[in-house]
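Thanks for coming. I have one structure to go through today, and I will keep to what can be read from the coordinates.

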Amino acid sequence: PGPGSVVLNNYWISASATVTLESPTVDKLAPAKDAYTIGEKVFFPILIELPEGASGQLIVRDLLPDGLAYVGHLFITAPIGDLITQPYAGALPPPSVIGVGGSGVAASPGDLVNPADNNPDNDRFVLFVEAVVVNELANQAGRTLLNTADLTYTNPALGVTLVPDANGGPTITLNEPVLRLAKSLASGQA
């Protein structure tokens, strides 16, 4: 270009990068012991961990197997042993129960926002599910029952997304009393 010409600064560059965002996780943990009898209550902890940011329409489901019946549940956000070492950073509104039956519960705390504070220790809470071992013919000594959980949430890019239990869920073994009867007949008595 000659004198008086305008030189345009029309250089530009573009680039793209793939970013993978974290998803919520669910992990059904083993109860306090591994063997139970008919009529005994079992408390299953379900650990839910949320990425920092929004998790829309979160629904946590406990999938109780045949042989166990749902009794109740409780969400815990405060420190509790090794499960939660710091309080959950977000607000957990009272969850609505959207399904209860003999095979478990589905509870929805709704849209959750986990504050972006770069602290993974305050990104989790626990759902404790109380179940009872039912008195049915299939529940015999030695039977094992696998109990799992899952969750769904609304992913902005994919819609409703199912997240299965991270470790497949714990099993419990059923014990029953062994009865032995002895019968004898005394002679000479009517």
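I will go through the strand pairing, then the pocket, then a few single residues. Keep in mind that this is a predicted model.

Let me start with strand β8, residues 124–133. This strand is mostly covered, with nine of its ten residues buried. Which strands does β8 pair with in the antiparallel sense? One is β3, and that pairing runs over nine bridges. Another is β5, residues 68–76, which is also antiparallel to β8, over eight bridges.

If you want to check the register on screen, take the β3 side to begin with. F43 has E130 of β8 as its bridge partner. The next pair to look at is F44, whose partner in β8 is V129. On the β5 side, Y70 stands opposite A131 of β8.

As background, strands of a sheet pair through backbone hydrogen bonds, and the sense can be parallel or antiparallel.

Strand β3, residues 41–49, has a further pairing, with β1. Strand β1 covers residues 25–28, and its pairing with β3 is antiparallel, over four bridges. For the register there, find D27 and look across to L47 in β3.

Now to a sheet of three strands. This sheet is open, its order is β2-β12-β9, and the pairing is mixed. Which strands are at the edges? They are β2, residues 35–37, and β9, residues 144–146, each of which pairs on one side only. On average, neighbouring strands in this sheet are turned by 35 degrees against each other, with direction ignored.

Within that sheet, β2 pairs with β12, residues 171–175, in the parallel sense, and three bridges connect them. The residue facing Y36 across that pairing is L174 of β12.

Just after that comes a residue worth a stop, G39, in the loop between β2 and β3. Where does G39 make its contacts, once residues up to four places away in sequence are set aside? It touches V132 and V133. In sequence, G39 and V132 are 93 residues apart, yet their C-alpha atoms are 5.9 Å apart in space. V132 and V133 fall within β8, which spans 124–133, so this loop residue brings us back to the strand I started with. As for exposure, G39 is partly exposed, because its relative accessibility is 47%.Next, the largest pocket. The space in it comes to about 220 Å³. Its lining has 13 residues, and those nearest the centre are L21, E22, A54, Y153 and P156. Which strands each supply at least two residues of the lining? They are β4, residues 53–63, and β10, residues 148–155. By type, the lining divides into six nonpolar residues, five polar and two charged.

Staying with β4, there are two residues in this strand that I want to set side by side. The first is S55, which is placed in β4. Is S55 buried or exposed? S55 is buried, because its relative accessibility is 2% and the cut-off for buried is under 20%. Beyond its neighbours within four places in sequence, S55 is in contact with P24, L50, G110, D111 and L112.

The second is Q57, also in strand β4. Q57 counts as partly exposed because its relative accessibility is 41%. Q57 also has a positive phi, about 45 degrees, although it is not a glycine. For context, most residues other than glycine have a negative phi.

Another residue with a positive phi is N118, at about 60 degrees, and N118 is not a glycine either. Where is N118? It lies in the loop between β7, residues 104–114, and β8. N118 counts as exposed because its relative accessibility is 74%.

Last, the segment after β12, where L181 lies. With a relative accessible area of 85%, L181 is exposed. L181 and A15 are 166 residues apart in sequence, and 81 Å separates their C-alpha atoms in space.

To recap the main points: β8 is mostly covered and pairs with β3 and with β5. The open sheet has the order β2-β12-β9. The largest pocket takes lining residues from β4 and β10. The two positive phi values I showed belong to Q57 and N118. That is what I had.

Technical notes
Residues are numbered from 1 along each chain as its sequence is written. This is a predicted model: local features need pLDDT of at least 70, side-chain atom pairs count only at pLDDT 80 or more; totals for chains, interfaces and linings use all residues. Side-chain values use heavy atoms; hydrogens and water are left out. On a 1 Å grid over the protein atoms alone, a cavity is a set of points where a 1.4 Å probe fits but cannot get out, and a pocket is an open set with protein on both sides within 12 Å along at least five of seven lines; lining residues have an atom within 4 Å of a point. Grid points are joined across faces, edges and corners, and a volume is the space filled by probe spheres set on the points. Ala, Val, Leu, Ile, Met, Phe, Trp, Tyr, Cys and Pro count as nonpolar, Asp, Glu, Lys and Arg as charged, and the others, Gly among them, as polar. Buried means under 20% relative accessible area, exposed over 50%, partly exposed in between (1.4 Å probe, protein chains only). Contact means heavy atoms within 4.5 Å. Two strands pair if DSSP finds at least two bridges between them. Axes are lines fitted to C-alpha atoms, for helices over the stretch in contact, and angles run from 0 to 180 degrees between N-to-C directions.
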